[in-house]
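Reader: Could you take me through the architecture of this assembly, element by element, and explain how each conclusion is reached?

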Protein chains: 4
Amino acid sequence: MTRVTIWYERIQELTDAKVQEAYPQGMAEAIASALRSDDVTVRCLYQQDPNCGITQEILEDTDVLLWWGHVGHNDVPDEIARMVQQEVLKGMGAIFLHSAHHSKPFKLLMGTSCNLTWRENGDTERVWVAKPSHPIARGLGRYIKLEHEETYGEPFDIPEPDVTVFLGGYSGGEVFRSGCCYRRGAGKVFYFQPGHETVPTFYNEDVRTVLRNAVQWAKPEYRVKELECPHVSIPD
Amino acid sequence: MTRVTIWYERIQELTDAKVQEAYPQGMAEAIASALRSDDVTVRCLYQQDPNCGITQEILEDTDVLLWWGHVGHNDVPDEIARMVQQEVLKGMGAIFLHSAHHSKPFKLLMGTSCNLTWRENGDTERVWVAKPSHPIARGLGRYIKLEHEETYGEPFDIPEPDVTVFLGGYSGGEVFRSGCCYRRGAGKVFYFQPGHETVPTFYNEDVRTVLRNAVQWAKPEYRVKELECPHVSIPD
Amino acid sequence: MTRVTIWYERIQELTDAKVQEAYPQGMAEAIASALRSDDVTVRCLYQQDPNCGITQEILEDTDVLLWWGHVGHNDVPDEIARMVQQEVLKGMGAIFLHSAHHSKPFKLLMGTSCNLTWRENGDTERVWVAKPSHPIARGLGRYIKLEHEETYGEPFDIPEPDVTVFLGGYSGGEVFRSGCCYRRGAGKVFYFQPGHETVPTFYNEDVRTVLRNAVQWAKPEYRVKELECPHVSIPD
Amino acid sequence: MTRVTIWYERIQELTDAKVQEAYPQGMAEAIASALRSDDVTVRCLYQQDPNCGITQEILEDTDVLLWWGHVGHNDVPDEIARMVQQEVLKGMGAIFLHSAHHSKPFKLLMGTSCNLTWRENGDTERVWVAKPSHPIARGLGRYIKLEHEETYGEPFDIPEPDVTVFLGGYSGGEVFRSGCCYRRGAGKVFYFQPGHETVPTFYNEDVRTVLRNAVQWAKPEYRVKELECPHVSIPD
């Protein structure tokens, strides 16, 4: 059984008709419906929950955390972001979606600004598979086509990825490293660029395949309770 | 003084009017004219020269080798390719241009097929700067615009680059890792995608800047005469 | 079912009493006995077999190839080495053991000299786990202790590993990157330093655990029949 | 002219006789004396200075920052650590020495716990050159010998380095990635393990060579005033 936790800020969808139209049941449910199965349990947390919904107990009960945030990044307390980062270092998988490039936990894990260039003008995006043999790309064709997505462009200020699985190209001309894998501590981290709030990207079948693949890839086989810096004796 | 050697297959330009039109003085001279200066000497070698122009003496007298090949790849003897590879491992810089992705020395240095997808339909390319702080990107704007280039697309079967300096995007929709840095042995290797034979890419001022920057980046500070696998005594 | 093929040069053990003493049933059988199970079939090939035992059919029928060679490296035909390299690029896993750092297929996959420093004086080695969360390290303690191993030292001329799982330290003082992971094309490659022919390293229980883990890690989920460089149309 | 700033916590040397004996003129001066030259200006900041000595103006006036901290890590305000991190992302070079593996700015840049194993028992260390062609290793032999150093061992919880320049081996048996290079944003980061406070490591001539080399390597050629995430128009 894979235990998935979706963390979603749920701010814009409360008031913005375009977001409500793209995700009539809410974005968290759109993501959850892609993942939920006999082998995968899904729990949703919201920024409006007490303590942003995050407790140490929930993190330890999570195999893979998906994170979508945007306008509320700065309202996530530093301590919550740090708890998430530390749990990844202990082995929890983490998938950061779209505008979560600027979320506090992702920036803590990357160590960089995670800045990019951006534009919202209805560009069509093709998310090209750069590494077809990677398990996150399983079941896809040569590219995922998204009729409309927010445009993200390089330079994307991230550490050079361990594996670049996807590269996005936009009808306006920009390109972007759209699927990036990292190991950080005992945990695996995947950044995936698609998922703008005003378009129904998370209902795209290929995107849903990526989410499912990424959860299985990020699921830990190894997990520690504490991060330690042990004093050691001379080995035998 | 930086000693540059340009290796150019010079096959298509002998017979193909489109190549002659793009490079009336020859492609080697187009590249050379970008590099030649008071501080940089340039020598050109051709596939038609005896032994493809390559001698051990010339390689040792070269700081940075630029390589452009295309239809003649298979006619470069394995032993010549191996000499180039070995000299890179000893410290010589190497810059592989455009269709040299399939040259024997590049494939030897990468260890992969270096396959890609491709199309020749007059696409416009923007070569986006993904790492503006890298010395190879010095002096460029956000992208290099090339009115027409051959389209290269992912997947590009290369080892994950040490640094991805450029990402190309084409008007037809494809994206490509267009500028990739590697260390191999004591040498530095740069792959740069622009430079199709039927368009005057090597006269583009930004491309010429990249060539100059790349030569300075790849120039060795350290060079060995022999690759050794020494038997050693217990250290003191 | 995982299909494992062990390629072993079997030269020294035919004549060298020390090798016969370390591996009375042969080194191939020592490795095979660590891997054979209800879920893993093991086939052994020898350098003395026709065509070194390698056929395209066997490679395609192999999930993971383990390679041990030493004094016979140069007698493996280039074409055989190339067949192995190509099959890795198509997805076959490959594990190179000890002196296979200088085998032709490994050097083809790395693109470097794979030189190192070495000494054979009975040093004790500790193979330290640098990445305990990596699946290849599953089930190990902080280090593997080998009473005697051949000493391999840095510099080890390899591309920077994707993941450095093990670092060896020797009683004589040297250190070495003893467990290195790479992706090359669709295949996974693992280099593992222990396994000198005159000591029974492959009967060490921790080493056997590493071999089993590495086979499961390298086993492909994705495999292609041909490496292709396709001409493509403008995407829809 | 290269502008170097040494940040030193200067806590233990005020009271600990062993530290005073190892560094009679202070550790900051020991480091400074290795770097100061006609081409290099050196400024020293101390944790006891107001605001830990750090101002935005000083950071912008610094090409390369060296950082040595130990018992006072937690007393460096988060905001100071963040200012240092941000300036690295803008292009400032940073060199973290020995116990600065646990300094706040280094952990911010790495994104990991930077935990390791350790022991203080007078081990002899050899710092092996794993990448002799790297500019930081210029002028060194095969290894640096340090009669006594604090023992640091793997696992060292860092992102896989861009380049592993040094690997340390200790007489007690441990091994450690002792010299690690990273790019983070526009800046270069080098971690160097030697430099325990009770032994005169920074007077070792080879260590001083490394410090000088690392400063020249980390010195920025590119620097931005602000980290930006720009909204962009459709490219021309």
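Author: The model is predicted, and a helix pair is a suitable place to begin. In chain A, helix α3 (residues 27-35) packs against helix α7 (residues 205-218), with their axes 9 Å apart.

Reader: At what angle do helix α3 and helix α7 of chain A pack, and how is their mutual orientation to be described?
Author: The two helices of chain A pack at an angle of about 65°. Angles of 65 to 115 degrees count as roughly perpendicular, and α3(A) and α7(A) are therefore described as roughly perpendicular to each other.

Reader: Is the crossing of α3(A) and α7(A) left-handed or right-handed, and which residues of α7(A) make the contact?
Author: As α3(A) passes α7(A), the crossing is right-handed. From α3(A) the contact draws on A:Ala30, A:Ile31, A:Ser33, A:Ala34 and A:Leu35. By class, the residues of this contact divide into 6 nonpolar, 1 polar and 2 charged. On the side of α7(A), the contact is made by A:Arg208, A:Leu211, A:Arg212 and A:Val215.

Reader: In chain B, how do the axes of α3 and α7 cross, and what is the hand of that crossing?
Author: The axes of helix α3 (residues 27-35) and helix α7 (residues 205-218) of chain B come within 9 Å and cross at roughly 65°. That makes α3(B) roughly perpendicular to α7(B). As for the hand, α3(B) passes α7(B) in a crossing that is right-handed.

Reader: Which residues of α7(C) are met by α3(C), and how are the two helices oriented?
Author: In chain C, the axes of helix α3 (residues 27-35) and helix α7 (residues 205-218) come within 9 Å and cross at roughly 65°. The helices α3(C) and α7(C) are therefore roughly perpendicular to each other, and their crossing is right-handed. The residues C:Ala30, C:Ile31, C:Ser33, C:Ala34 and C:Leu35 of α3(C) meet, in α7(C), C:Arg208, C:Leu211, C:Arg212 and C:Val215.

Reader: Turning to the sheet of chain A, what is the order of its strands, and which strands lie at the edges?
Author: The sheet of chain A is open, has mixed pairing and is formed by 9 strands in the order β2-β1-β3-β4-β11-β10-β9-β6-β7. The twist averages 15° from one strand to the next. An edge strand pairs on one side only, and in chain A the edge strands are β2 (40-46) and β7 (143-146).

Reader: How many bridges join β10(A) to β11(A), and which residue is the bridge partner of A:Gly179?
Author: Strand β10 (residues 175-184) and strand β11 (residues 187-192) of chain A run antiparallel and are joined by 6 bridges. Within β11(A), the bridge partner of A:Gly179 is A:Phe192.

Reader: Which strands of chain A does α3(A) lie across, and what angle does helix α5 make with β11(A)?
Author: Helix α3(A) lies across β1 (2-8), β2, β3 (64-68) and β4 (93-97) of chain A, and runs at about 165° to β1(A). Helix α5 (residues 78-90) of chain A lies across β3, β4, β10 and β11, and the angle at which α5 runs to β11(A) is about 120°.

Reader: In chain D, in what sense do β1 and β2 pair, and which residue is the bridge partner of D:Thr2?
Author: The sheet of chain D is open, with 9 strands in mixed pairing and the order β2-β1-β3-β4-β11-β10-β9-β6-β7. Its edge strands are β2 (40-46) and β7 (143-146). Strand β1 (residues 2-8) and β2(D) pair in the parallel sense over 7 bridges. In β2(D), the bridge partner of D:Thr2 is D:Val40.

Reader: What relation superposes chain B on chain A?
Author: Chain B is superposed on chain A, with RMSD 0.0 Å, by a rotation of 180° with 0.0 Å of shift along its axis. That is the relation of a two-fold axis.

Reader: For chain C laid on chain B, which residue has the C-alpha nearest the axis?
Author: A turn of 180° and a shift of 0.0 Å along the axis lay chain C on chain B with an RMSD of 0.0 Å. The copies meet through the same surface, because 100% of the interface residues of chain C are also interface residues in chain B. In chain C, the C-alpha nearest the axis, 2.5 Å from it, is that of C:Gly111.

Terms used:
Residues numbered from 1 in each chain as written. Chains lettered and ligands numbered in written order. Predicted model: local features only at pLDDT ≥ 70, side-chain atom pairs only at ≥ 80, totals over all residues. Heavy atoms only, no water. Axes fitted to C-alpha atoms, helices over the stretch in contact; angles between N-to-C directions. Helix = DSSP H or I, 4+ residues; strand = E, 2+ residues; numbered from the N terminus. Parallel < 35°, antiparallel > 145°, perpendicular 65-115°, else oblique. Left-handed = near helix turned anticlockwise from the far one by under 90°. Contact = heavy atoms within 4.5 Å. Nonpolar A, V, L, I, M, F, W, Y, C, P; charged D, E, K, R; others polar. Least-squares fit on C-alpha atoms with pLDDT ≥ 70 in both. Pairing = 2+ DSSP bridges.
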